[in-house]
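Biologist: I've got the model open and I'd like to test some of the labels people put on it. Can you walk me through the reasoning behind them?

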Amino acid sequence: MNPENRVEFTKEMMDYTLLAPNMADVHFSILTNIFAEYGYKVELLKNDGRAVVDEGLKYVHNDTCYPALLVIGQLIDALNSGKYDVNKTALMITQSGGGCRASNYIHLLRKALHKAGYGHVPVISLNLSGLEKNSGFKIRLSMAIKMLSAMIYGDLIMLLKNQVEPYEVNVGDTKKLVQKWIDDINVMFENRKGYSLREMRKILPEITKSFAEIEIKKTEKVKVGVVGEIYVKYSPLANNNLEEFLFSQGCEVMVPGLLGFFLFKTDNRLEDCKLYGGKVLKKYAMQIAMWFLTRYETELRKAAAAYGDFCVPETYKHIKEKCTKIIGAGCKMGEGWLLTAEMMELVESGYGNIVCAQPFGCLPNHIVGKGMIRKLKELYPESNIVPIDYDPGATRVNQENRIKLMLSVAQENLEKKA
Amino acid sequence: MRIGLDVGSTTLKCVALNNEGEIVYKAYERHYSKIAEMSSKMLGEILAEHPEFAHSMLSVSGSAGMGFARTLGLEFVQEVYATRVSVSKLLPGTDAVIELGGEDAKILFFTGGTEVRMNGSCAGGTGAFIDQMASLLEISPLELNELAKHKDKIYSIASRCGVFAKSDIQPLLNQGAAKADVAASIFNAVVNQTVAGLAQGRRIEGNIVYLGGPLYFLSELRSAFDEGLKTKGVCPENGLYFVAMGAAYCAKGEALDIAKVKDDIAGCVNSGDYVSAKPLFADKAEYDEFTKRHAENSVAVKDSYDKGEKIYIGIDAGSTTVKTAVTNAAGELLFSKYMPNSGDPVRLVKSFLEEVYEKFDGAVIGGSAVTGYGEDIIKNAFGIDIGIVETVAHFTAAKKFRPDVDFIIDIGGQDIKCFKIRNNTIDNIFLNEACSSGCGSFLQTFASAWGYDIESFSKLGLFADRPVDLGSRCTVFMNSSVKQAQKDGASIENISAGLSISVVKNALYKVIRAASADELGKSIVVQGGTFLNDAVLRAFEQEIGRNVVRPDISGLMGAYGAALIAAEKAPHTSTVISREELADFEHTVKAAICGRCSNNCRLTVNTFSGGRRFIGGNRCSKAFSDKSNEDTLNLFEYKKQLLSKYESVDGKREKIGLPMGLNMFELLPFWHTFFTNLGFGVALSEPSSRELYIKGQHTIPSDTVCYPAKLIHGHVESLLEQGVKHIFYPCMTYNLDENLGDNNYNCPVVAYYPEVIRSNVASLADVDFISDYLGLHKRKHFPAKIHKILSQHFGDIKLRDVQTAADKAYDEYARYMNNIHITGLKFMQEAKKRNMPVIILCGRPYHLDAEINHGIDNLICSCGAAVVTEDSVSPLVSKFPTDVLDQWTYHSRLYAAAKYVADKKDDDINIVQLVSFGCGVDAITTDEMRSILESSNRIYTQIKIDEISNPGAVKIRLRSLFAATGR
């Protein structure tokens, strides 16, 4: 099984079903439709439970990070389910590139497929670094731009939902509105509308307006921020429904969006040029990409501030400046300095109670998560950060108990302030 | 009126406070998981003794209390928070609290920003750990405490996990270390774990309070903490009840009708909702068929012998039991014995031999063989003829039952040994080095927690209808899974069955890591004491979907195999101790420190009557002989010599401190040359040692990071102690590109550890810590970059000088690497000439550190092999496609070395890979190494290393490897 003879996804395979793991619900449900528009039948996997973990344990080295284990377990469990014709199915998985173990997920997936007898199933690497190519699967520029738009919609909806739902008067209003927007955006996308920056300039504020109109009753609630390794941070499968749990404990939850991560990954290449030298052309290309992404960021922020009294995330540039006072901008593997920056930003915007979610033994997190908590505590004595490890053996009880400890302290701080 | 209930993992505590906040009732009991029953009883007692509590506020706390409170709709207070409330109220002025519970450990800091720390997914260093260790010594924790009072010295024992500790303690016991010292060492290990795991960058000082059961009951544990923290902590009068009291203080809201609550609790029916697995047996008939089938695999037994007949003795001195067998020349079993080890194998074997001489009065002992952990000491003590590696003993025995056996799995008390047989030799060995969860002692621990012996406990599960699905996990984690299952209403029968299944799953998926039964083999023989339990055996057959052979002497196979080998290879006259000598047998133990190299092994010197001696605790053979190491071929040693030339020097300019860990090991020639050429002085941190590690322990923020990274904290402290004013430790995302892989990264920990140091070592504020981002891979850009950095810190430096220094540094580095390469080749040629096997000991450059590799290089040399390194052969290989993304420089060398061996097809050149515990990248490299090697039928051997080492397991692997390659 050499890389040279990996199973390619060819043009003849356009009628295949592409299975992909789910991560962030809102974002990914919009993304699926973009693929459909370009002729790819993408299905997001929602299977969970013990079987997923067991398949993962069976086919992936048990010390590998939990996200790899889960994602691979989920894909194999789906192939085993009998729901799909395994000769007409391909798998799709993101590949970030970079010095973290995560760049190897796709290879581990292929190894696992091979072991499980699915060696013939093609695997598509979804990446923006040009790591692997498939003749039947191309992300065209227009598609990439649509995906970016989907991400912006997702980030905004998630941001607003999190700030409204805990306070809604009529339980369920917010969830309904989220679904309505997902449906509306899908219809727009189907009609090839709604993804240009010009259109978004109009639609995004409307989204904010609709959320601002939900009837709420403001009460003092413990405000919790969630940061972490990207998959564990977003995926309820990986983090044992963390958001829901916090919500059930009467908290307001803030989860920083995906756009920051993309800005970060793009910016890293610029930083590399700065730190170690690099081609001028590459530098320019990246500067343009940054400029392009920042335009979207500006719209997103403007929209969030347009109505109501929502907490608007700081700009990427701003949090980078602040954060690089304590950690180098060259720290780029995994979530890199961005994770530390997100924690700082959360504390400063009133979400000083933080769950830092990471897979057990996550390498970058030793540095940017657990490694920075002491420093943050020094800078922000009011911060109340709890790192939580996720892996197949960590029990929910244990995790919830630790989170409860954090919440007790948070509650006390809240009462002190009142 | 307030009532507080503290439902801990093992105990239940209850207090009732009157309106003045005084305790009028308190109770502390082990709950044996009968939480509802016991708490209801306690509330009943309160009502009976103090009727005024009929209406009181009540709240629940404790690690097992959350679900309980949720089901009953009672108020819940997180237990650490509860402690904090009580301490603030009752012991103002406290700076820090250390609280150890059954399965948790906590530190609370009060001054300078309140902070609470609790153990995460690791239960090392808790009450459960102490219980586990006490039961290993077959005493109670209180007796352990008594023993520790008579300590003489401390051994280093890992307490991160009971598993590691066991593998530290067992050899100590087997080698005859005094139990008092072991007891004290256990407490000391708890202290280290607590400090390392929880302090995370904060010093524990000032007024310290000790809380929780273990600290309350065990005075020696308290004094171990006092010693470790260099302070005197207090253990308050109601130390056991602080959580319960805190819960009571926190209770708010309406007073409850306690009688009703009591009834509610008593009537609390569990949901019965948990994930379950298939039952082991559908019905009795299936079980009968199963037992009938397995009854067929019996050993040939004979109960008589002729006068003057030769008999053969086999001894398996295992980690928890001593097994013995006596056979005749035909391999018929005449006599056997299975004895718990109790930490003194010598005494047991002595009584066994006495029995043999008694029983077989007229027979002649024709030969004897010993295997197992205690092999060396037993061999020396009683003049046993042959010492054999366990794998060979088991294989020999298994062949007697299934001549075509191709897979053997042995699950013993604490170890799992599995191996494949190919071409009648042992091919691939799986040992559980990092985890004991698939083992017998795992079941044992749970059985005794419920007051059963292992046999009857495991039987309970045979006909369980819905075995709990516990997955495959470490014992420590399993505790909480079981707790959860209990809470969900799983019966003990279903838990028992679930545990048996999880033993099997652990063995299959964690140790062997098999994807399917076919991968194991066609003819499988299972053995070891754990398989004597039908539930485990059945679970195994179910899980792999294939019938296996379990010999009726499944627990004795090691000993039986040894006896067979004794018969096969018997010398003319056996050297075994005679009946007369045995009568006068004496055994004395003395402790000593080796001191012949920097390892400073703590030795136990055993002296036996007849002048025989056995020295244990050594990591190499230096302790025994005065022979110098000059003619060994050890490239590790050579590399160390090369590096020792770059020593601390003074210069015209400032002195630069270099912490000698992680990537600095390999880059020392570079930086040393670079700085000295610019006129700087260079100061190196002292060599790694346990003491150095402890020095920096309090600043480690992540307790799950690898040991090499943790050591860096000690190295930085060492530089600070030397008074160095400038410490140079750059962040390096990229390593040098050796054109072997797709990229040339460092792993995230190596790349960015300077960031951790900067943010966590408070005393760095007083020095100049240079941790800028640098890339040596861009030679063109490097001089300008470093020039800029140096100018910022040291003012005027000429770019031209920097350029020259950089050129010299690059040259020096290349020379150093080339030297290793050339010498490695020379060593291999020399080995060929001397007809020695060669081991390519693969790892990362910092595995050179003896504190990290635990002298494994010397151990290999003492087995008669030459040791070279991965970077000495990697230049011979050019880039080739791998199944994984080959993007880390250090790891590209590993793959290249594997490729070299795979292509070389020389049975005398083999790979042994050192893997640091907690190294996330090695989860990827080990699999890839294995697949590269196995693709051309080569044997892959890996050795896991951590804060501690397990030379026993290392030896088994090496000896089996040599046995397999015909050495």
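Modeller: Sure, and keep in mind that this is a predicted model. Let's start with a helix pair: α5(A) passes α7(A) in a right-handed crossing.

Biologist: What makes α5(A) roughly parallel to α7(A)?

Modeller: Helix α5 (residues 141–164) and helix α7 (residues 197–212) of chain A pack at an angle of about 15°, and their axes are 10 Å apart. Angles under 35 degrees count as roughly parallel, so α5(A) and α7(A) get that label.

Biologist: Which residues make the contact between α5(A) and α7(A)?

Modeller: From α5(A) you have A:Ser149, A:Ile152, A:Leu156, A:Ile157, A:Leu160 and A:Val164, and from α7(A) A:Met200, A:Leu204, A:Ile207, A:Thr208 and A:Phe211. By class, this contact has nine nonpolar, two polar and no charged residues.

Biologist: Over to chain B. Why are β28 and β30 of chain B called edge strands?

Modeller: The open sheet of four strands runs in the order β28-β27-β29-β30 (chain B), with parallel pairing. β28 (866–869) and β30 (940–945) each pair on one side only, and that makes them the edge strands.

Biologist: How do you know that β29(B) pairs with β30(B)?

Modeller: Two strands pair if there are at least two bridges between them. Six bridges join β29 (residues 909–916) to β30(B), and the two run parallel. As an example of the register, B:Val915 stands opposite B:Lys944 in β30(B).

Biologist: What angles do helices α34 and α35 of chain B make with β29(B)?

Modeller: Helix α34 (residues 889–904) lies across β27 (838–842) and β29 of chain B, at about 155° to β29(B). Helix α35 (residues 922–934) lies across β29 and β30 of chain B, at about 170° to β29(B). Angles over 145 degrees count as roughly antiparallel, so that word fits α34(B) against β29(B) and α35(B) against β29(B).

Biologist: Back to chain A: how many residues link domain 1 and domain 2 of chain A by contact?

Modeller: 17 residues of domain 1 of chain A are in contact with 19 residues of domain 2 of chain A. On the domain 1 side, α3(A) gives the most, with four residues. That side has 11 nonpolar, three polar and three charged residues.

Biologist: And how many residues does each chain bring to the contact between chains A and B?

Modeller: Chain A puts in 62 residues and chain B 60 residues. The largest share of the chain A side, nine residues, comes from α16(A).

Conventions: Residues numbered from 1 in each chain as written. Chains lettered and ligands numbered in written order. Predicted model: local features only at pLDDT ≥ 70, side-chain atom pairs only at ≥ 80, totals over all residues. Contact = placed C-beta atoms within 7 Å. Nonpolar A, V, L, I, M, F, W, Y, C, P; charged D, E, K, R; others polar. Axes fitted to C-alpha atoms, helices over the stretch in contact; angles between N-to-C directions. Parallel < 35°, antiparallel > 145°, perpendicular 65-115°, else oblique. Left-handed = near helix turned anticlockwise from the far one by under 90°.
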